[in-house]
Amino acid sequence: MIYKLNGIYYDANSYLIVGKKNILIDPGTPGNFEFLKNQIEEIVKDIDLIINTHCHYDHSGSDYLFEDYFDAPIVIHDSEVEHLKKGEEVTVSRLFNTNFIPPKEIIPIGEVKDELSKIGIEIIHTPGHTKGGISLIFEDKMITGDTLFAYGVGRWDLITGDLVELRASIEKLERIEGYIIADIESFPNIPFWKITADEVKKWWNDKELGKTTKISREKALELIKCIKRDNDE
Ligand SMILES: [Zn+2]
């Protein structure tokens, strides 16, 4: 089972995978800690691992608080371990006018990938928004971090971002049939959106993808309508 947890303001969406291991994905900024912790504790009492889709502050800023509270280590792509450990510029905490407080125990994803695969979590390296960005697939759902939003892709102009890599990552995700776009703001109670590869391809061809990184409410409503239409057929 996978739960979408509600963030505050500009925080990333956070997710909780409950299964053989309980895994918190992208806990967000420290200001979100109490709010998120309460939501988690209504569902489970323990967290085994915390995974960051990438090292940006709005995804990983509260790692240290959740690590301490749940006694759970942080997992991130191998190429971003050092950024997190040193709270480097790549975390973009400066954009949030704050310093990054690193967590203590950081495990490169390469070390736990096989173990995660055994419990049904597949990791896909999707660089472009940052060098070490990852997407996760669990059951029929995909969490894409800031790589892909409905109608939008992540920024590629921040440090370690790269448009060519981002394009290749989107194409990689496109090939996975019937995946989920999991990052739509303003609709915190609708957890997942299933959108086919053909639809995403069409957005890409129509130059809709990349136009914006956040979907507007009107677009989301349009999207609901077109998804419903597809499902009715
Ligand atoms: Zn980001």
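**Questions about a predicted fold**

User: Let's start with helix H3: what covers its buried residues?
Analyst: Keep in mind that this is a predicted model. Helix H3 spans residues 63-70, and its buried residues are Asp 63, Tyr 64, Phe 66, Glu 67 and Phe 70. The cover over them includes strand E3 (23-25), strand E4 (49-51), helix H2 (57-60) and strand E5 (74-76).

User: At what angle does H3 run to E4?
Analyst: H3 lies across three strands, E3, E4 and E5. Two of these, E3 and E4, are also among the elements that cover its buried residues. Relative to E4, the helix runs at about 165°.

User: Which residue just after H3 takes a positive phi?
Analyst: H3 covers residues 63-70. Just past its end, phi takes a positive value of about 55°, and the residue is Asp 71.

User: In what order do the strands of the open sheet run?
Analyst: This sheet has 6 strands and its pairing is mixed. One of its pairs is strand E2 (residues 14-17) with E3, which run antiparallel and are joined by 3 bridges. Across the open sheet, the order is E1-E2-E3-E4-E5-E6.

User: Which strands stand at the edges of that sheet, and why is one side of each left without a neighbour?
Analyst: The open sheet follows the order E1-E2-E3-E4-E5-E6. An edge strand here has a single partner strand, so one side of it is left without a neighbour in the sheet. The strands in that position are E1 (2-5) and E6 (106-108).

User: By how much are neighbouring strands of this sheet turned against each other on average?
Analyst: The sheet in question is the open one of 6 strands with mixed pairing. With direction ignored, the average turn between its neighbouring strands is 25°.

User: At what angle does helix H5 run to E6?
Analyst: H5 takes in residues 109-118 and lies across E5 and E6. E6 is one of the edge strands of the open sheet. The helix runs to E6 at about 75°.

User: Which residues have the most contacts inside the largest nonpolar core?
Analyst: That core has 32 residues. Take Ile 17, one of those with the most contacts inside the core: beyond four places in sequence, Ile 17 touches Ile 2, Asn 22, Ile 23, Ile 25, Ile 121 and Phe 138. Ile 17 is also the bridge partner of Ile 23 in E3. The full set with the most contacts is Ile 17, Leu 24, Ile 25 and Ile 50.

User: How many residues does the second, separate core have?
Analyst: Its members include Leu 148, Leu 166, Ile 170 and Leu 173. The number of residues in this second core is 5.

User: Which residue in E9 stands opposite Ile 137?
Analyst: Strand E8 (residues 134-138) is mostly covered, as 4 of its 5 residues are buried. On one hand, E8 runs antiparallel to strand E7 (residues 121-125) over 5 bridges, with Ile 124 opposite Ser 135. E8 also pairs with strand E9 (residues 141-143) in the antiparallel sense, over 3 bridges. In that pairing, the residue opposite Ile 137 is Met 142.

User: Is Asp 26 buried or exposed?
Analyst: Asp 26 is found in the loop between E3 and helix H1 (33-41), and its phi is near 55°, a positive value in a residue other than glycine. The cut-off for burial is 20 or more other C-beta atoms within 10 Å. Asp 26 has 26 of them, so it counts as buried.

User: Is Asn 97 buried or exposed?
Analyst: Asn 97 also has a phi near 55°, and its place is in the loop between helix H4 (81-86) and E6. A residue with 12 or fewer C-beta neighbours in that radius is exposed. Asn 97 has 6 inside 10 Å, so it counts as exposed.

User: What separation do the C-alpha atoms of Glu 171 and Thr 126 have?
Analyst: Glu 171 sits in helix H6 (residues 163-174) and is exposed, with 12 other C-beta atoms within 10 Å. Along the chain, Glu 171 and Thr 126 are 45 residues apart. Their C-alpha atoms are separated by 9.8 Å.

User: Over which residues does pLDDT stay under 50?
Analyst: The chain averages a pLDDT of 80, and 71% of the residues score at least 70. Where pLDDT is low, the predicted coordinates should not be read in detail. That caution fits two stretches, with 38 contacts beyond four places in sequence for one and 16 for the other. They are residues 178-193 and residues 212-217.

Methods:
Residues are numbered from 1 along each chain as its sequence is written. This is a predicted model: local features need pLDDT of at least 70, side-chain atom pairs count only at pLDDT 80 or more; totals for chains, interfaces and linings use all residues. Helices (H or I, at least four residues) and strands (E, at least two) are DSSP runs, numbered from the N terminus. Two strands pair if DSSP finds at least two bridges between them. Two residues are in contact if their C-beta atoms, placed from the backbone, lie within 7 Å. pLDDT is the predictor's confidence in each residue, from 0 to 100. Axes are lines fitted to C-alpha atoms, for helices over the stretch in contact, and angles run from 0 to 180 degrees between N-to-C directions. A nonpolar core is a set of buried Ala, Val, Leu, Ile, Met, Phe, Trp, Tyr and Cys residues joined through C-beta atoms within 7 Å.
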